[in-house]
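Student: Could you take me slowly through one part of this model, namely how two of its helices pack together and what lies in the core around them?

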Amino acid sequence: MASDNHMPGDGGVEHVFITGISGCVGHYLFDELAADPRYHLHLLVRDTSRLRFDYKRPNVSIVGGDFLDIERHAPLLAQMDHLIHVAAAWGEPISYEVNYRLAHRMFELADPKRVKRIVNFSTASILDSENRPLKAADEHGTDYIRSKYLCRVTLDDHPLRDRILTVYPTLIFGGSDRHPTSHLSSGLGDLPRWLRLVRFLSLDGTLHFIHARDIARIVKHALANEVPEDHLVLGNPAMSIDELIDGLCRAYGMPRGGRFDLTPALGVIGKLFVSRMNTWDHFSMQYRHFRYRTVNAATFQLPEDLATIEGVVAEALAR
């Protein structure tokens, strides 16, 4: 385990500090970056038993600790060439600490004379169709959504704003024996059973998705290359919910049935389940078209093997 005041010999290597490495996206990031001799990774980890990869490598240092104690790692952060903040918290009040206040603080601890790139992970849910902050995220969002919104609207005033790249993943697929499964992909195992009913339904709505491996590929690209903007929404081309169901039916070899439009019934459904839904759930049912200006693997001439829903399902079923 590397101590905070120890740095391996540089030799032209760039040092990368990463939070949230034990999650789904974090594991794919490790795959991409640990295999590249240009980088030495400093991984903030509370419990190494959650890591499914071999971290005992010359170019990997484990930094033991909790993100809530990020101040303790100030000497190390000042020696970093890149910071990648993937860690997130979901409940109040810790979400405001991890996703907002301490995120700002960690970035401030970087040395402005050395740090080249800071990558901050957010969520596309806090943006409108023009990739601007969505006011409803502040008004109706969960603690997670509101904390991410607050971080977004205040980062433009950060002293290192010219180094900060904020990425906003859309719906995330991913997972394998070597990678924790994303919340979305965890439902793929039961999907055929539900698809037998859903294939007869239609619903007005729009979404994007992206695979965690593509997120990792894009972030790695951004460490070494210029990117078009400081705020990038990560997602494959927008698709309607009907197109999603069509693709899933093809992936699982099920015929698409006659389509009963469920959209007019959403108001009734909302009333029936009002006790189980928060204000953000109700807003999302009305908003429905989560469409953005996105970038994806193809934007940066990276591999495109996970750009379709059929490709994502095939990759999951092959495990």
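Tutor: What follows looks at one helix pair and then at the core to which both helices contribute. Please keep in mind that this is a predicted model.

Two packed helices are described by the angle between their axes and the distance between the axes. Here helix H1, residues 24-34, packs against helix H7, residues 212-224, at an angle of about 50°, and their axes are 8 Å apart. Because angles of 65 to 115 degrees count as roughly perpendicular and those under 35 degrees as roughly parallel, H1 is oblique to H7. The crossing of H1 past H7 is right-handed. On the H1 side the contact is made by Cys24, Val25, Tyr28, Leu29, Glu32 and Leu33, while the residues from H7 include Ala212, Ile215, Val219 and Leu223. Sorted by class, this contact holds ten nonpolar and four charged residues, but no polar ones.

Turning to the core, the largest nonpolar one has 39 residues, of which Ile18, Leu41, Leu43, Ile84 and Phe121 touch the most other members. H1 and H7 are among the elements that give two or more residues to this core, and so are several strands, including E1 (14-19), E2 (39-45) and E5. If we pick out Leu43 and leave aside its neighbours within four places in sequence, we find it in contact with Ile18, Ile21, Phe30, Phe53, Val60, Ser61, Ile62 and Val63. Apart from this core lies another, of 23 residues, with Leu44, Met80, Val98 and Cys151 among them.

Notes. Residues numbered from 1 in each chain as written. Predicted model: local features only at pLDDT ≥ 70, side-chain atom pairs only at ≥ 80, totals over all residues. Heavy atoms only, no water. Axes fitted to C-alpha atoms, helices over the stretch in contact; angles between N-to-C directions. Helix = DSSP H or I, 4+ residues; strand = E, 2+ residues; numbered from the N terminus. Parallel < 35°, antiparallel > 145°, perpendicular 65-115°, else oblique. Left-handed = near helix turned anticlockwise from the far one by under 90°. Contact = heavy atoms within 4.5 Å. Nonpolar A, V, L, I, M, F, W, Y, C, P; charged D, E, K, R; others polar. Core = buried A, V, L, I, M, F, W, Y, C linked by side-chain atoms within 4.5 Å. Buried < 20%, exposed > 50% of the residue type's maximum accessible area, 1.4 Å probe, protein only.
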